[in-house]
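Please walk me through this protein, one element at a time. Begin with a helix and its two faces, then move on to sheets, a hairpin and salt bridges.

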Amino acid sequence: MDSLLYVKDDVVRSRDVRVDVDKARQTVTIKNRQGTRVFTATLHQMQGREATLAFRSDKDERLYGLGQFQDGYSNVRGLSRRLTQVNTQISIPMLLSSKGYGVLWNNCGLTEFNPLSKYEVLSMWHEVSAQPEGEVVNVTTTEGGRREVRQRNTYEATIDLTEEGDYSLLLDVGQQMARRHNLSIDGETVIEMQNLWLPPTASAIVHLKAGHHVLRAELSKGDAPVVRYGRVKDETVLRSPIADAVDYTVFVGSPDEIVATYRELTGEAPLMPRWALGYIHCRERFHSSDEILQTANRFRSEGLPVSVLVQDWQYWGKYGWNAMRFDEEHYPDPKALTDSLHAMDMRLMVSVWSKIDKNSEVGRQMQEAGYYIPGTDWIDFFNPDAAAAYWRNFAERLLPLGIDAWWQDATEPENDDLAGRRVNNGKWAGEEVRNIYPLLVNKTVYEGLMNSQFIIHNSKLINSKSKNGLRPMILTRCGFAGIQRYGSAMWSGDVGNDWETFRRQLTAGLGMQAAGIPWWTYDAGGFFRPGNQYTDQAYIERMLRWIETSVYLPLMRVHGYMSDTEPWNYGPEAQSVIARCLKERYRLLPYIYSVAAAISFEGSTLMRPLVFDFASDEKALDQKYEYMFGPALLVSPVTEPGVTTWTTYLPENEGGWYDYHTNRHYDGGQSVTTPVGVDHIPVFVRAGSIIPVEGDEVLLYPGADGTFTLYEDDGTTMAYERGEYSRTTFQWDNAKRKLTTNENSKLINSRFKIKLIDSQTQ
């Protein structure tokens, strides 16, 4: 975007945008390079410390983003959300419009999106637990796993509406975390989701007639539910109760241009290690070095590809929570463990928390120095001295062990623990910085890894400040705007496994992509799983659909609570399907890694909401679960049980589409129904696509002109920042049926096998 600005009176313009400010009316209008109005702010208001922005939102507009939410909405126009950080919810105050603009709300605290002024407090109607003693469940907590008794009650209220229309609803259960979201209106369920952990709020848009309505919610005992409601309006509102100003940034352009500019402003995403884009195998949990090595050897002997094994929590054993030390009773020599994995061309990821037991050796240091957030066990990363002390212990105790990747868990911090507290030696109210704790945790670890003088890799001491320094790889449960600059990937937290939860992870992930966060995944199969998971065929079918879809996520990762998630535990048929998925992931690695490079070099996006590529196709924008995986592949997840066919909408596209599995050709702009077995989901290839796959093979799908740049480097070090990489651009001229390359290569094997895909239109 042109950075040269021209200012005259109340007009600011560049080659790309024109901004008109009406001081008297307090409005801002922005036009794009074609002179079309794309954004009009109608309210800029400060009341005390509360900041409010309102901007016009036409009925045919679609809005995407805000991060990862569990309400199942991808288009958030008119929806009400409360932006806080909790397990399974990641709040990113960034929106992307189908009208050609994006908005970043520059506030680090709680934000109300489309706040609702009307509300009803629901009163308890009666207790509905099936058993007087309640339901006993296994849950994760910040102290480890535990059994918890839960009881349910029904709550009720009434509302009277003066007009018919679409209404936005926000259910607030009144606790830090919810166990169930449930709301019915006049006996019709409008909100329903259950999990062992849920955010405290849930949202919906419903059409209601004028008149009297009965609200009823079946929730957990101890909840204090409130339902907020209001008519959906032709405006979007952002409000933060603690702010210094109405502060926001508007981006103008295509979705790709908006996201690229957003990253230019908030930080470019460094390149992921190539191995991180393979298969990441996780379970809750490995109990010893021997278990890890036995599992690694079994993967290799079964011929199942895997790149990373993950050690979840509690490896610290007797030393206390997150003591940054392995209990040698079960992990006698962690360095020998990582050496053994490296010898098998595998990596180790280890869970590290920002919560530390105050009775541990590290915790005593932190406590004596006053480095905890008061009243909690969380380190105060807002205090630079506390962050430095955390990293010093991390570097001294963990880096010498040769660990390859870091799992920064529960970085919200869990249970919204900043509310009502002060941080940085009492300088700031927790509410001012309530949503950015995960940003500072990841900043500390990433910058520490980048600046550490020496690290161990493959049994060798490596100078990480040299051109051969290794790329950090961080997985974290929460984030904020700009977290991509720390190379961090996020996942959707401790979710369940049912079909509705699966569907909601797809919309949640697409919300992250629209908010500019490129690296995301979920616990394939769900974190909380049934006790009979290894033999329950209904669950296994569901798990396989999670895994089949994860082939086409930015990261592919399986995880499960109290689970041995290895493929061979689910029977030969399931193992065969999972093997096919793993091999397909690795087959696509040249394509995936090339798009990963485009994320870092060009600000691109791998998991692409359809608005990125088909903004003018209204029917494409109606699809909640379909998405593009890079520029070539349209992914259509199977989100229902027991199906043998699946219907996919193919967006309007020059040259149409090819079925990835059969090579059948279809015209775009139509819905097609294709067979699906238990072993795959529908995937279609855009005509004109060029897809490099393993074995130096290039798949070419004719029907339109196309281009693709194959990226290669050493896959692990920062040498790419100094230009040590290879790029080969393939160009397809469909009219001439001619493929050419524009090779700029130092490392590449320039001999490719070109496979031309062709078929008759069906």
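The face of α2 that points away from its buried side carries the exposed residues D290, Q294 and S301. Keep in mind that this is a predicted model. On the buried side of α2 sit S289, I292, T295, A296 and F299. Viewed down the axis of α2, these buried residues fall within an arc of 135°, so they line one face of the helix. What covers them? The cover includes two strands ahead of and behind the helix in numbering, β25 (279-281) and β26 (308-311). It also includes α3 (334-343) and β27 (347-353).

The length of α2 can be checked too. The helix has 13 residues, 289-301. At 1.5 Å a residue it should span 18 Å, and its end C-alpha atoms are 18 Å apart, which agrees. After α2 comes G303, with a positive phi near 70°.

Helix α5 passes the same kind of check. Its 14 residues (384-397) should span 20 Å at 1.5 Å a residue, and the end C-alpha atoms are 20 Å apart, which agrees. The buried residues of α5 are A386, A387, A389, Y390, W391, N393, F394 and A395. They pack against β27, α4 (361-369), β28 and α6 (437-451). Strand β27 thus turns up in both settings: it helps cover the buried residues of α2, and the buried residues of α5 pack against it.

Now turn to the sheets. Strands of a sheet pair through backbone hydrogen bonds, either parallel or antiparallel. One open sheet has four strands in the order β7-β9-β10-β24, and the pairing is antiparallel. Its edge strands are β7 (63-68) and β24 (248-252), each pairing on one side only. Neighbouring strands of this sheet are turned by 20° against each other on average, direction ignored. Inside the sheet, β9 (residues 90-97) and β10 (residues 101-105) run antiparallel and are joined by three bridges. M94 has L104 in β10 as its bridge partner. A helix also meets this sheet. Helix α7 (residues 499-514) lies across β7 and β9, and runs at about 105° to β7.

A second open sheet has six strands. Their order is β37-β38-β39-β44-β41-β42, with antiparallel pairing. Here the edge strands are β37 (607-608) and β42 (665-666), and each pairs on one side only. Two bridges join β41 (residues 657-659) to β42. W657 has Y666 in β42 as its bridge partner.

Next, a hairpin. Strands β18 (residues 178-185) and β19 (residues 188-198) pair in the antiparallel sense over seven bridges. S184 stands opposite T189 in β19. Two residues lie between the strands, and D186 takes a positive phi near 55° in this hairpin.

Finally, look at charge. Side chains of opposite charge can pair when their charged atoms come close. The model holds 54 salt bridges, counting a Lys or Arg side-chain nitrogen within 4 Å of an Asp or Glu carboxyl oxygen. Three of the pairs are worth a visit.

K99 pairs with D60, and their closest N and O atoms are 2.9 Å apart. K99 lies in the loop between β9 and β10, while D60 lies in the loop between β6 (50-56) and β7, so the pair ties together parts that are 39 residues apart in sequence. K99 counts as partly exposed at 34% relative accessibility. D60 is partly exposed as well, at 44%.

K318 and D327 meet in a salt bridge at 2.6 Å, N to O. Is each partner buried or exposed? K318 is exposed, with a relative accessible area of 54%. D327 is buried, with a relative accessible area of 5%.

E414 forms a salt bridge with R477, with the closest N and O atoms 2.6 Å apart. This pair links distant parts of the chain, 63 residues apart. E414 sits in the loop between β28 (405-409) and β29 (422-423). R477 sits in the loop between β33 (474-476) and β34 (488-491). Both E414 and R477 are buried. Through shared partners, salt bridges join D409, E412, E414, R477 and D494 into one network.

Note on methods. Residues are numbered from 1 along each chain as its sequence is written. This is a predicted model: local features need pLDDT of at least 70, side-chain atom pairs count only at pLDDT 80 or more; totals for chains, interfaces and linings use all residues. Side-chain values use heavy atoms; hydrogens and water are left out. Two strands pair if DSSP finds at least two bridges between them. Axes are lines fitted to C-alpha atoms, for helices over the stretch in contact, and angles run from 0 to 180 degrees between N-to-C directions. Contact means heavy atoms within 4.5 Å. The expected span of a helix is 1.5 Å times one less than its number of residues. Buried means under 20% relative accessible area, exposed over 50%, partly exposed in between (1.4 Å probe, protein chains only). The arc is that of the directions from the helix axis to the C-beta atoms.
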